[in-house]
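Please open the model in your viewer and keep the selection tool at hand, since each stop on this tour begins with something to select.

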Amino acid sequence: FCEQYIKRRAILCEGIEEIPGLNLLSPEGAFYAFIDVTRTGMSDIEFADKALEEARVQLIPGSLIQGGEGHVRVSYATDESQIVEGIRRLKSWLM
């Protein structure tokens, strides 16, 4: 399992880094990552709402968690093809 999650985390990190306006520091534990969305000009709630409506990618607004304002939470506890598809949809939506 550990090797699979490391690979999924790498796919997510590399994919997010290719999208202008988003920044993700490599998570150190669990299978969640926080993406900084402040450079998009949207709040984390607005970003998560629009990502779901327009890109069909579900993200959790970071402001629902103390200290998470300006970030969205994403899980990489899924198969690689879904991670790749989610990144593709976000890229298409934001670029």
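Select Arg 56 first: in this predicted model, Arg 56 is exposed, because its relative accessible area is 64% and the cut-off for that class is over 50%. Arg 56 sits in the loop between α2 (44–55) and β3 (60–61), and if you display its backbone torsions you will find a positive phi of about 60°, although Arg 56 is not a glycine. For background, most residues other than glycine have a negative phi.

Next, select Val 57, Gln 58, Val 74, Ser 75 and Thr 78, which, of the 19 residues that line the largest pocket, lie nearest its centre. The space in the largest pocket comes to about 360 Å³, and the elements that give two or more residues to its lining are α1 (2–17), β2 (32–36), β4 (71–75) and α3 (80–94). Which of the elements gives the most to this lining? It is α3, with 6 residues, so colouring that helix separately is a useful way to follow the wall of the pocket. By residue class, the lining of the largest pocket divides into 12 nonpolar, 5 polar and 2 charged residues.From there, move to the second largest pocket, which holds about 160 Å³ of space. To display its lining, select Asn 23, Leu 24, Leu 25, Pro 27, Gly 29, Ala 30, Tyr 32, Ala 33, Phe 34, Asp 36 and His 71. β1 (23–24) and β2 each supply at least two residues of this lining, and the largest share, 4 residues, comes from β2. If you colour the selection by residue class, the lining of the second largest pocket divides into 7 nonpolar, 3 polar and 1 charged.

For the last stop, hide the pockets and turn to the largest nonpolar core, which has 23 residues. Select Leu 12, Ile 16, Ile 35, Phe 47 and Leu 59, the residues with the most contacts inside this core; α1, β2, α2, β4 and α3 each supply at least two residues of the core. Now centre the view on Ile 16 and ask which residues Ile 16 touches, not counting those up to four places away in sequence. They are Leu 22, Leu 24, Ile 35 and Leu 90. Two of these names have appeared on earlier stops: Leu 24 is among the residues that line the second largest pocket, and Ile 35 is one of the core residues with the most contacts.

Terms used:
Residues numbered from 1 in each chain as written. Predicted model: local features only at pLDDT ≥ 70, side-chain atom pairs only at ≥ 80, totals over all residues. Heavy atoms only, no water. Buried < 20%, exposed > 50% of the residue type's maximum accessible area, 1.4 Å probe, protein only. 1 Å grid on protein atoms, 1.4 Å probe; cavity = no way out; pocket = protein on both sides within 12 Å on 5 of 7 lines; lining within 4 Å. Points joined across faces, edges and corners; volume = space filled by probe spheres on them. Nonpolar A, V, L, I, M, F, W, Y, C, P; charged D, E, K, R; others polar. Core = buried A, V, L, I, M, F, W, Y, C linked by side-chain atoms within 4.5 Å. Contact = heavy atoms within 4.5 Å.
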